[in-house]
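Me: I have a model open and would like to go through the labels attached to it. Could you explain how each one is reached?

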Amino acid sequence: MQENNIKFLEDTFKKYYFDHFDLIRVPNRTSEREFGFQKFNSGMTRHISIKDDKELHLLLMKNTPSDVYCSNACYSFPNLPMNEKDWKEADLIFDIDAKDLNLECRKDHTISKCNECNEISTNVNNCSKCNSIKLEKKSLPCKNCINSSKNEVSKLSNILIEDFGVQQNDIHVYFSGNEGFHVYVYNSQFQQLGSKERSELTDYIMFHGAIPETFGMKKIKPNRSTFPDFDEKGWRGRFSKEVYGAKSKRSKIITELIVNGYSSFQKTLDNLSDKIGAKIDPNVTMDIHRIFRLPGSLNSKSGLTKVFCTDLTKFDPYIEASFLNEKLVEVIANCPIRFNLKNTKFGPYFNEKVSIPTFAAAYMICKKLATIS
Amino acid sequence: MLELGADEYAKYPFMADAGQYLKDKGFPLVKFGTDPDLKPSVEKAFHRLKVSTEGGIYKSELIDGQASKSYILEIEVFSFLLAIVLIKLTGMHTLTKRFALAEARRAEQHLERDLGKASDKSKVDLAIKIIHDLFGIEVIKRDDFFEIPVADYLKHSVSFHEREWKLINRYVKDGKVLLTPEKTVRLIRKELGTYIGSKIINAPTPPMIPGFENMVNELISICKKLTPSYTMTTGEYPPCIKHAIEVLEKGENLPHSGRFMLAAFLLSKGQSVEEIAPLFKNAPDYNQRITLYQLNHLAGTSGSGTQYSCPSCEKLKTQNLCFAIPECDNIINPIQFGKKRI
Ligand code: SF4
Ligand SMILES: [Zn+2]
Ligand SMILES: [Zn+2]
């Protein structure tokens, strides 16, 4: 990124951390966590330990990071190299990202920037100017993306509460600051589980690996009475609702399932993952040594805040996660798609000089769709 | 520890502290070598061990977990404790392993039966308490099922490969997994064996007891005939690995997953990073520094410090890296290839 863009973002981010430090959620057991940060145009600094709020504040002021991270794990020695940290336990975390949902709308709001000639276009396969296929893609997620992600979050919460006995108020949902949500689970029985066990949890949540027997179907002489009932708890109940549709159709559908046979039943199950499984990124949940974007910090991919969602249904990231100031700045914008921030419409801009509020300028500069003029 | 009745000791003799138990009963070890009245216990111990070396479980004289005569009870408990003494005297590790396994299986049968006893609450409670005290698992009986916290279930079941043990194929509700008595006990089978094994390993080795010499010698010779169950490496690499090496040798591109498999496989066979690195030389995108870095990372000598293990056959199948041949039957990971089960 160019010097003047970096300077602008650094100043803006610094001001944010000065004005909005209260948004930052210092995790409990702060001194047992590993912190890390990145600066604009440079690598990651991690294995940092911090005593409390004050030290964190100092770190943010001194370094003006582009991104700040904190571990979900607690260690005896968070500042030592990985294998000497002495892992104790880790909060259970889930990542739901609109880009993993394969939504139809995605192509409508994806912009590609050519790595060869810098041309910006809405053509996602090859550069419309030089035909290069080395494209960097930027997405400006739409309402549908956000709503679909929210839907996955509620599927997940539902499973966590009903099947895993997690308390509703131990589930904290954050907007990631870019295209999705991070779901944190505190005080659960899962704190001490290792990666392999967590990976089993993700398979469960995603509805992966189910076998016909679990849903009453046997290879030989299947028995109607072992098929799930409409009102059962857990996956058998969710299966019923999806596959039978309505209570009245149960009997007819069971007959069909039995007639179609075992391997067809297995296929049905495999296809169900996509529909009823919650679409989480399993690698994130499995990783018990990862550092995650700190709640309340800015995401340098968007200039938006990773913000706590008090009411997920009403939550609108383009209003509630935009905290940068409104001071006008002049930028050269090259953003062929219109976007909405803080109830204001911006764009489309075609390589033009515009004077817009800082929060909108930062959004585009972070997405590499504008530069300070 | 638990307060156990005599019948319970007969069913779960590993719950007793061997030396202490005999002492409390007033039987010094040496007496077992000479006293004809105590001979049946010693013979039983020997028999118990021998059966375990053959992979069997000896037939106890308990009827439905109960001893009809008090001397039967004594023989049951004593023979277990004496078997440990005999094992210690032979110093054979195979014997420890086989005996622990056989005894675990035996205890499993009792636990399963006790857990399933709808009528006798005290038996159920005892079984539950044993599971709790030994393995720290909180089991709750609910109708015909046992509820186990999901986290505990996962800790014990992750090493099982059958798909029916995947959490998704269990009845899960309110943070608990529901299991039948049989499955509950199966869940801790390995730990039960480990527990009994560790009891034996930690027991002190007494000086040779006069009268035991013949039995000890016979057991040693039995053990020497038993080769460990996995031996005879043919030295052949499995087809998936051979294929990966061929691809690299031809200078063709092997996907990242294939390189990962190959490196993890060879590392687990004891090859060093330096030995493995040249294999990747022909790869179209070879870069010595990066290769070494990645290999060290895999080997756990840098980065997170965890050594990565070779992916399972199932995983490799999904990555199109598997080229199974008949010799691949019954193995779940390429590193098992070529080891014959005897
Ligand atoms: S079955 Fe396993 S060992 Fe055999 S080729 Fe496939 S992956 Fe390799
Ligand atoms: Zn171009
Ligand atoms: Zn969209």
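Me: Happy to start inside the protein. How do the residues lining the largest cavity divide into nonpolar, polar and charged?

Reply: Good place to begin, and keep in mind that this is a predicted model. The lining divides into eight nonpolar residues, with no polar and no charged ones. Those residues are Pro238(B), Cys240(B), Cys313(B), Cys322(B), Phe323(B), Cys328(B), Ile331(B) and Pro334(B). Cys, Phe, Ile and Pro are counted as nonpolar, so that is the class they get. The volume of this largest cavity is about 40 Å³.

Me: How many cavities of 30 Å³ or more are there?

Reply: There are two cavities of 30 Å³ or more. The second largest holds about 30 Å³ of space. Its lining is made up of Arg48(B), Ser52(B), Gly56(B), Ile57(B), Tyr58(B), Phe99(B), Ala102(B) and Glu103(B). Two elements of chain B, α4 (39-53) and α6 (93-116), give two or more residues each to that lining. The most comes from α6(B), with three residues.

Me: And what makes up the lining of the second largest cavity, by class?

Reply: Here the division is four nonpolar, two polar and two charged. Arg and Glu count as charged, while Gly is placed among the polar residues.

Me: On to the metals. Which protein atoms are the donors of the zinc ion (ligand 3)?

Reply: They are Cys105(A) (SG), His109(A) (NE2), Cys142(A) (SG) and Cys145(A) (SG), at 2.1 to 2.3 Å from the ion. The cut-off for a donor to zinc is 2.8 Å, so these distances qualify. Along the chain, the donors follow the spacing C-x3-H-x32-C-x2-C. Within this set, His109(A) and Cys145(A) link distant parts of the chain, 36 residues apart. His109(A) sits in the loop between β6 (92-97) and β7 (110-114) of chain A, and Cys145(A) in helix α3 (residues 143-162) of chain A.

Me: Why is the arrangement around the zinc ion (ligand 3) called tetrahedral?

Reply: The four donor atoms subtend angles of 97 to 122°. Four donors count as tetrahedral if all angles lie between 85 and 135 degrees, so this arrangement earns the label. For reference, the ideal angle for four tetrahedral donors is 109.5 degrees.

Me: How do you know that His109(A) is buried?

Reply: Its relative accessibility is 5%, and buried means under 20%, so His109(A) counts as buried. Cys145(A) gets that label too, with a relative accessible area of 1%.

Me: What makes the arrangement around the zinc ion (ligand 2) tetrahedral?

Reply: Its coordinating atoms are Cys114(A) (SG), Cys117(A) (SG), Cys127(A) (SG) and Cys130(A) (SG), at 2.2 to 2.3 Å. The angles they subtend run from 104 to 116°, within the limits of 85 and 135 degrees, so this arrangement is tetrahedral. The spacing of these donors is C-x2-C-x9-C-x2-C.

Me: Why is Cys117(A) called partly exposed?

Reply: Cys117(A) has 28% relative accessibility, which lies between the 20% and 50% limits, so partly exposed is the right term. Cys114(A), at 0%, falls under 20% and is therefore buried.

Me: One last label: how do you know that β16(A) and β19(A) pair?

Reply: Pairing takes at least two bridges, and β16 (residues 328-335) and β19 (residues 349-357) of chain A have seven, so they pair, in the antiparallel sense. One of the bridges joins Cys335(A) to Tyr349(A). Three bridges also join β16(A) to β20 (residues 370-372) of chain A, again antiparallel, and there Val331(A) has Ile372(A) as its partner.

How values were computed: Residues are numbered from 1 along each chain as its sequence is written. Chains are lettered from A and ligands numbered from 1 in the order in which they are written. This is a predicted model: local features need pLDDT of at least 70, side-chain atom pairs count only at pLDDT 80 or more; totals for chains, interfaces and linings use all residues. Side-chain values use heavy atoms; hydrogens and water are left out. Helices (H or I, at least four residues) and strands (E, at least two) are DSSP runs, numbered from the N terminus. On a 1 Å grid over the protein atoms alone, a cavity is a set of points where a 1.4 Å probe fits but cannot get out, and a pocket is an open set with protein on both sides within 12 Å along at least five of seven lines; lining residues have an atom within 4 Å of a point. Grid points are joined across faces, edges and corners, and a volume is the space filled by probe spheres set on the points. Donors are N, O and S atoms within 2.8 Å of the metal (3.2 Å for Na, K and Ca); water is not among the atoms, so sites may look incomplete. Four donors count as tetrahedral if all angles lie between 85 and 135 degrees; four count as square planar and six as octahedral if opposite donors are over 155 degrees apart and all others between 65 and 115; anything else is irregular. Buried means under 20% relative accessible area, exposed over 50%, partly exposed in between (1.4 Å probe, protein chains only).
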